[in-house]
Structures are given as C-alpha cells and as structure tokens.
Amino acid sequence: MKHFISISDVGDPEPLAEEALMMKSNPEKWRNFAAGKSICLIFFNPSLRTRLSSIRAAEILGMTVTVFNVGKDGWQLELEDGTVMDKGKAEHIKEAAGVISAYFDLIGVRSFADLKNRDKDYRDAMISGFVNYSSVPIVSLESTTLHPLQSLADLATIREFAVKKRPKVVLSWTPHPRALPQAVANSFSQWMMNSDVEFVVTHPKGLELDPGLTGKPTVEYNRKSAFEGADFVYAKNWSTFEPYGEIASHPDWIIDEKIMAHTNDAGFMHCLPVRRNVVVSDSVLDSPSSLIIPQATNRIWSAATVFKNLLS
Ligand code: CP
C-alpha cells in the first residue's frame, strides 16, 4: 500500500479489518513498531475522533506526532496549477507538500467538501495535491468524497460483532439540519461492496449517491423492506448529490425503536458526531444494540493498521 485514500489502495478490505482486530487483541506486540518515525496530521476542518484516534495509534506504534491545524496556524494553500497568486492564498500546495514530506515519514490530511461546486469537490484537489507533491505516503483523514479510516473501523466493528459470516448491512439516510458531505456514505458503500456482506442502501428518492464512487449498491427506497432482517444498521445523513449540496427534509426518517423492530436485532452504527433525537432516538442510541463506542474505539486500530502497513 503506497497511500491510503480509497478502496483502490487496499484491494480486498477483509484482511485489513482482520489485522486491525488482531492488533487490538494484542496491543503490546506493536508498541514501538515505528519508533523513530514521525507523522504530521494536517487538519483543514474540525475533528474529535480522527484527530485523537490517529494520535493514539501513532503513539502506540512509538511514533512522534505533530498536529497542524492549517486553518488556524498555517498559510492558505493554492491548489490550482498556473494561478497568478496575487490574492489571499500565500503558499502553493507544491511547496507545502514538498516541505512537509521532507520533515515527516507519514502525512495525514483532512479536508472537507465545501458543497458549492460538485466538480471541484469531486476532484478532491487537496488530497490529490498532497499525493502528487509529497515524497512520503499520504493518509486521508477524510477527503471531500471519502473517509476510508472510518470505513476500515466500520468493517472491523462489523466483523467483531457479527454472529454470521455474511451479515446483512443496511446504510440508512437520516435527517440532519445542516448540509453534510457524502464522504462517509460513499466510502462505507465502497468498503461494503468489496466485503463479504449483503449490503443495501435505503434513502428517500432524490438522495442517490455518486454511482462512480459507491460501486452501484442495491438501493431500496422502502425503508421498512430494507431494514427487514438487517444485522447492522448504519445511520448517516448526506446532502443531495444532484442537485449538489442541498439539505433534504424527511424528519420521519429518524432511526427509532419502531423502525429497528423490523431488523434482526441489528447493531446500530454511526460514525459520530451524532445529533440525538434528529438522526436517531435516545432509546436506540442508549440501547444495548448501539455499537457507537466500540466503533469509535476501533478508529484507533484502523489508524494503527494503516500507519503500520504504510511504514512496512
Ligand atoms: N467520525 C469522525 O470522523 O469523527 P470526527 O469528525 O470527530 O473526526
């Protein structure tokens, strides 16, 4: 694995999820695996889990960690080639990526979609820029279109809690008061489509995702039918792909006990942060079926597995 940006860097995701669970089961074995190595975690957007789990993963491997909050501490980066840089942006990504990769062994980058221009967002120019102009491996800490560290933790969580070899996994759109990117849903779909699961996506009409990224999963518009017999329900909001970046209002798509009753006592999953009683009811989130804390815990082992592989 040269970089960790999308499923195409991984191929078969199942062995990587197995490796994450293997590292989790014996953390002592990996202490100091990467002693003397360094990572720079670059954030253009806020984060709790990705930031802290990546720090913990790097510390467990014995790495030194630098967190760089570009929005607050860095120069604004120009991403376009050939631009006359006479406006607000002081530094080009060519120099920034070249310099940072001269200082560190690994670079993680988080850069969200701004949901204004689909073509621009789906070019993923920040991550591509770091990949093109850095001399070390790049780890996506969530790009404009994908969130692979989250997806690896999600698959590991499914394997950790599944009681059958080929569980039914349902990705369900949920309401949200703000327009959110499609990255988590795109990425989860990519990973599920390449895993040994029965995968169904359910959402109101008009919330179709980019088939080029999701791998064309089965879409069931009838939510009750989709939930029938599900072993895992993954809740996530996303804004519209076409027209781009609009909020859809379907408050009845909240996940509550009534809709969960159609499942096979499914584990409830969400990447967090989650808006209680908008996305999911307290009764589901606080129930024994909720896997949100183990899922977030697995973010450490997802990051540790990826850092280890990129440094091996
Ligand atoms: N799930 C996730 O990526 O959380 P953060 O945005 O807090 O990093």
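This text walks from the two domains of the protein to the ligand held between them. The model is a predicted one.

Start with the overall layout. The domain assignment splits the protein into domain 1 (7-146 + 299-311) and domain 2 (150-296). Between the C-alpha centres of domain 1 and domain 2 there are 25 Å. The two domains also touch. Domain 1 puts 27 residues into the contact, and domain 2 puts in 32 residues.

Now find the ligand. Where does the ligand lie? Both domain 1 (7-146 + 299-311) and domain 2 (150-296) give residues to the shell around the ligand, so the ligand lies between them. The space that the ligand takes is the largest pocket.

Next, look at the shell itself. Around the ligand stand Ser47, Leu48, Arg49, Thr50, Arg110, His147, Gln150, Cys271, Leu272 and Arg299. Three residues of this shell are nonpolar, four are polar and three are charged.

Some of these residues make polar contacts with the ligand. Take the arginines. An N or O atom in the side chain of arginine 49 is 2.9 Å from an oxygen atom of the ligand. Arginine 110 also has a polar side-chain atom 2.9 Å from an oxygen atom of the ligand. Cysteine 271 uses its backbone: an N or O atom there lies 2.9 Å from a nitrogen atom of the ligand.

How much of the ligand's accessible area does the protein cover? On its own, the ligand has 250 Å² of accessible area, and the protein covers 93% of that.

Definitions and conventions:
Residues numbered from 1 in each chain as written. Predicted model: local features only at pLDDT ≥ 70, side-chain atom pairs only at ≥ 80, totals over all residues. Heavy atoms only, no water. Near = heavy atom within 4 Å. Polar contact = N/O pair within 3.5 Å; in protein donor to acceptor, adjacent residues only side chain to side chain. Areas by Shrake-Rupley, 256 points an atom, 1.4 Å probe, with all protein chains shown as cover. 1 Å grid on protein atoms, 1.4 Å probe; cavity = no way out; pocket = protein on both sides within 12 Å on 5 of 7 lines; lining within 4 Å. Sits in = over half its atoms within 2 Å of the grid points. Nonpolar A, V, L, I, M, F, W, Y, C, P; charged D, E, K, R; others polar. Domains from an automatic or database assignment. Contact = heavy atoms within 4.5 Å.
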